[in-house]
Amino acid sequence: MTFHRNRINRTSVLVGVVALWAAAGIGAATATASPPTTSPPQRAEVAAAPAPVAAEPASLTEQRGRPTVSRAPWGKTPDGTPVERYTVKNSHGMTVRILSYGGIIQSLQAPDRRGHKANVVLGFDNLQDYVDKSPYFGAIIGRYANRIAKGTFTLDGTTYRLPVNDGPNTLHGGTKGFDKIVWTATTFTTPKTAGVVLRHTSPDGDMGFPGKLTTQVTYTLDQKNQLRMDYRATTDAPTVINLTNHAYFNLAGEGSGDIYDHRLKIWAKSYTPVDKTLIPTGEIAKVAGTPFDFRRSTAIGDRIREDDQQLIYGLGYDHNWVLDRSSGTGLQRAARARDPQSGRILTVSTTEPGLQFYSGNFLDSTLVGTSGRMYRQGDAFTLETQHYPDSPNQPNFPSTVLRPGEEFRSSTIYGFSAS
Ligand code: GLA
């Protein structure tokens, strides 16, 4: 299989049975190389909407019922770099707060079936806790999301070594990944959306990865309660790349308890089993007859304590599902989670081939979150859209190689509703 490089067009289609799969700008498949981006890419290329207009005062746009974005200082990193928090709001009950530090989704308010809002992502109420101890809460992950075995890979005959930070392996880009840098942020609004564009240039050799990588992540909130993430990157030397967002969700509200009653559906017939260090064995295994079968909506906790070697290795679910994709590299449905108490529903659609479902196994009561409540094991789940873990060392997995002259593009939509 080839690596997905998606070009976004402005067609809107309905994907799947749920209305929330709706209205996504669907990328047409293309393997065509495009020239390296030397100037900042234009916003209009990543939003399925008319050209953006300059942000206007919130009071004006709110009156018109349009989404708004505002910003406020949110402290400084230990080296004195100022951090800002962006508040993106629509007129349908959703508010998303994004930090320039790590591109972190710091809070996400979504309405339940009665219209009551709750913050459904784990996080902190201050920058220092993110700097000191965050297990990637809400952050952009790069250059390589998930694990690279023994912190090494070989590309075009050259072997590269990365810092190991997860037992013998490299996790989430190494000791200082994209979750720990301050991104350059700009805001935008259109008549139906508002959001933030984050840019970062990672120098050649950063965390051991080759090539200067120019990266852009755009968060867009629309009036259908969809939060869209568009990732783009170019390089000046061959490299590997895997970008995602690491939001931890609890649809009943962060700090409200565990997510074992949440029902989850994943559109995947297969997954990638792992060894005891959570590196894929290389096998693409069928989920049928295993606790990994979420083809029918099932409570997360139903089978999590089964005597299954894979669940034992992961301390629960911490695996990559191989998404059922029809032909094409456009946005396709990946997963749906629902909290039965509040009725809140999260739907995930993506252009990526894989999905890491992690059931918050390493939350260990040591972190106190945004609302002052302590987080315990199983208090949240993640649905990280991605290429498969350790792809640089796994020849049978879709390639994560990015070369000069090509552009990496991927998109994911987290949609919120209630029933
Ligand atoms: C990912 C990994 C997990 C864990 C979390 C962060 O989801 O797959 O093993 O490292 O990030 O704690």
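The following paragraphs go through this predicted model from its overall make-up to single residues.

Residues are numbered from 1 along each chain as its sequence is written. Because the model is predicted, local features need pLDDT of at least 70 and side-chain atom pairs count only at pLDDT 80 or more, while totals for chains, interfaces and linings use all residues.

The protein has 3 helices and 31 strands. Both kinds of element are DSSP runs, numbered from the N terminus: helices are H or I with at least four residues, and strands are E with at least two. Of the 419 residues in the protein, 52% are buried. A residue is called buried if 20 or more other C-beta atoms lie within 10 Å of its own, exposed if 12 or fewer do, and partly exposed in between, with C-beta atoms placed from the backbone. Among contacts with a separation of 6 or more, 67% are between residues 24 or more positions apart. Here two residues are in contact if their C-beta atoms, placed from the backbone, lie within 7 Å.

Next come the sheets. Strands of a sheet pair through backbone hydrogen bonds, either parallel or antiparallel. In this description two strands pair if DSSP finds at least two bridges between them. One open sheet has 9 strands in the order 13-14-15-16-31-25-24-19-22, with antiparallel pairing. Strand 13 (184–189) and strand 22 stand at its edges, and each has a single partner strand, so one side of each is left without a neighbour in the sheet.

Strand 31 (residues 408–418) is part of this sheet. It pairs in the antiparallel sense with strand 16 (residues 226–235) over 8 bridges, and Asp 230 stands opposite Ser 411 in strand 31. Strand 25 (residues 344–350) is joined to strand 31 by 7 bridges, again antiparallel; here Arg 344 stands opposite Ala 418. Since 10 of the 11 residues of strand 31 are buried, this strand is largely enclosed by the rest of the structure. Strand 25 is also joined to strand 24 (residues 332–338), through 6 bridges in the antiparallel sense. In that pair, Arg 333 stands opposite Ser 349 in strand 25.

A further open sheet has 5 strands in the order 3-4-5-6-7, with antiparallel pairing. Its edges are strand 3 (68–76) and strand 7 (117–119), each with a single partner strand, so one side of each has no neighbour in the sheet. From one strand to the next the twist averages 15°, where axes are lines fitted to C-alpha atoms, for helices over the stretch in contact, and angles run from 0 to 180 degrees between N-to-C directions. Strand 4 (residues 82–89) and strand 5 (residues 95–99) run antiparallel and are joined by 5 bridges. The bridge partner of Lys 89 in strand 5 is Thr 95.

In soluble globular proteins, nonpolar side chains tend to be buried together. In this model the largest nonpolar core has 92 residues, and those with the most contacts inside it are Ile 98, Val 196, Phe 249 and Leu 355. Such a core is a set of buried Ala, Val, Leu, Ile, Met, Phe, Trp, Tyr and Cys residues joined through C-beta atoms within 7 Å. Leaving aside neighbours within four places in sequence, Leu 355 is in contact with residues including Ile 266, Trp 321, Leu 383 and Thr 385.

The loops hold some further details. Asn 146 is found in the loop between strand 8 and strand 9. Asn 146 has a positive phi of about 75° although it is not a glycine, and it is buried, with 28 other C-beta atoms within 10 Å. Arg 143 lies in the loop between strand 8 (140–141) and strand 9 (147–148), and a cis peptide bond with omega of about -5° joins Gly 142 to Arg 143. Asp 156, in the loop between strand 10 (152–155) and strand 11, has a positive phi near 50°. Asp 156 is exposed, with 9 other C-beta atoms within 10 Å.

Asn 146 is also one of the residues around the ligand, a group that includes Pro 135, Asp 318 and Phe 362. A residue is near a molecule or strand if its C-beta atom, placed from the backbone, lies within 6 Å of it. By class, the shell has 6 nonpolar, 3 polar and 1 charged residues. Ala, Val, Leu, Ile, Met, Phe, Trp, Tyr, Cys and Pro count as nonpolar, Asp, Glu, Lys and Arg as charged, and the others, Gly among them, as polar.
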